[in-house]
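Please consider the following structure with its sheets and its bound ligand in mind. The account below proceeds from strand pairing to the surroundings of the ligand.

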Amino acid sequence: MNRYVIDRALLEGNIACVLQAASVPVMGVVKANGYGFGLREMALALKAQGVNSFAITELEDIAPLRDAVGEGADILVMRSTALADEARHVVESGCIASVGSVAAADALAAAARAAGVRARCHLKVDTGFGRYGFLPAQMDDVLACYAREDLAFEGMYTHFAAAYHDVAATRAQLSALEQVAEQVERAGFAAGVRHAANSPALFNVPEAKLDMVRIGSAFTGRVITLAPTPLERVGYLEAQVIDVKTLPAGSGVGYGGATRVKRETQVAFVSAGTQEGFGLAVEKPPSLRGALSAAKGAAAHRRLEVEIGGRAWPVLGEADLSLTLVDVTGGDVRAGDWARMDLNPMMVSPKVPRVYV
Ligand SMILES: *Cc1c(COP(=O)(O)O)cnc(C)c1O
């Protein structure tokens, strides 16, 4: 049976590395099943090193996260929602809401009144991502939200669109957030905790750290940065070789016979494919890929590899839905051997068990 293997010591090392690089409090982003590492396991690993604020996007994650981290931890719901039932859920579960529009403020205020509380919230500012958030030009709307009695603003934040490669654009977004904070304070309100940096910004644009950083992918060691970091790449899929066969020279492989083997080829069938997420994730920044393809022409198409018996072997053709053909010519690969496939845990189906070693 396939499994996704996570080396706990490497994960803990990455968390320690992030805490050290941050030097300000870290909000642990555990969306998407804890970046594919398991929501509970990831949250507990963070909590064990003193992280006490967490962020999620899906409301279904609130209950299991609360169960893992306890009542004392802060949970920021990063989705700014104008839906009444979602706002009620956020308020009733004692989370911190994100307010990114007047409609979201209305929904949250109504939920707070119904619950007889002031709703804890952070202002979400859209400084260039184009997703949730008030535009910096909407200061009148923003200040009207701060004036509402049912809302208790404790902080404000924005999300970077290109921190993995564009420092200038990131700085412009940062400065837009700081201007909103200044205007809020000038109007007599407290801006509270300002936060912006995601994983690439933490390493690429240190001045973006502000009062807190919101980190997810760096814990998995799968983050694009301009300079090398001490982070270790964590996690791999383990799947078994279910059979081996020999193809004569000239044989076609896969749909359409697009791949032809030039020589007699030993092929191992590995029981995992695109269904498990193999061959789907691309973690290279566009600029790097551009440089690569300029250098290598059409051959820049990323070569997929699978490790069997401690050696990397090339994949033949494209990965199939639930099977990957691997060229193991000249090796001693047999049915029953285990293959390691490097893939981003976020792409791995939640059906695949996560195993901590
Ligand atoms: C996912 C997310 C993060 C974390 O980003 P990483 O690059 O994975 O660290 C931070 N903030 C928001 C709003 C997010 O959606």
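How many bridges join β5 to strand β6, and do these strands run parallel or antiparallel? The model, which is predicted, shows 3 bridges between β5 and β6 (residues 119–124), and the two strands run parallel. Within this pair, V99 is found opposite L123 of β6.

These two strands belong to an open sheet of 4 strands, arranged in the order β5-β6-β7-β8 with parallel pairing. The edge positions are taken by β5 (97–99) and β8 (193–195); each has a single partner strand, so one side of each remains without a neighbour in the sheet. From one strand to the next, the twist of this sheet averages 35°. In general, strands of a sheet pair through backbone hydrogen bonds, in either a parallel or an antiparallel manner.

A further open sheet of 4 strands has the order β4-β3-β2-β9, and its pairing is parallel. Its edge strands are β4 (74–77) and β9, each of which pairs on one side only. The twist here averages 30° from one strand to the next. Strand β3 (residues 53–56) is joined to β4 by 4 bridges, and the two run parallel. One residue of this pairing is F54, whose bridge partner in β4 is I75. Helix α4 (residues 62–69) packs on this sheet, where it touches both β3 and β4. The direction of α4 makes about 160° with that of β4.

The edge strand β9 also leads to the ligand. Three elements, α2 (31–35), α9 (199–204) and β9 (213–215), each supply at least two residues of the shell around the ligand. There are 13 residues around the ligand, and those that come nearest are K31, Y35, S199, R214 and S217. Sorted by class, the shell comprises 5 nonpolar, 5 polar and 3 charged residues.

Which polar atoms of the protein lie close to nitrogen or oxygen atoms of the ligand? R214 places a polar side-chain atom 2.8 Å from a nitrogen atom of the ligand, and H159 has a polar side-chain atom 3.3 Å from a ligand nitrogen atom. At G216 the backbone is involved: one of its polar backbone atoms is 2.9 Å from an oxygen atom of the ligand. On its own, the ligand has 380 Å² of accessible area, of which the protein covers 92%.

Note on methods. Residues are numbered from 1 along each chain as its sequence is written. This is a predicted model: local features need pLDDT of at least 70, side-chain atom pairs count only at pLDDT 80 or more; totals for chains, interfaces and linings use all residues. Side-chain values use heavy atoms; hydrogens and water are left out. A residue is near a molecule or strand if one of its heavy atoms lies within 4 Å of it. A polar contact is a pair of N or O atoms within 3.5 Å; within protein, one must be able to donate a hydrogen and the other to accept it, and residues adjacent in sequence count only if both atoms are side-chain atoms. Accessible areas come from the Shrake-Rupley method with a 1.4 Å probe; for residues, only the protein chains shown count as cover. Ala, Val, Leu, Ile, Met, Phe, Trp, Tyr, Cys and Pro count as nonpolar, Asp, Glu, Lys and Arg as charged, and the others, Gly among them, as polar. Two strands pair if DSSP finds at least two bridges between them. Axes are lines fitted to C-alpha atoms, for helices over the stretch in contact, and angles run from 0 to 180 degrees between N-to-C directions. Contact means heavy atoms within 4.5 Å.
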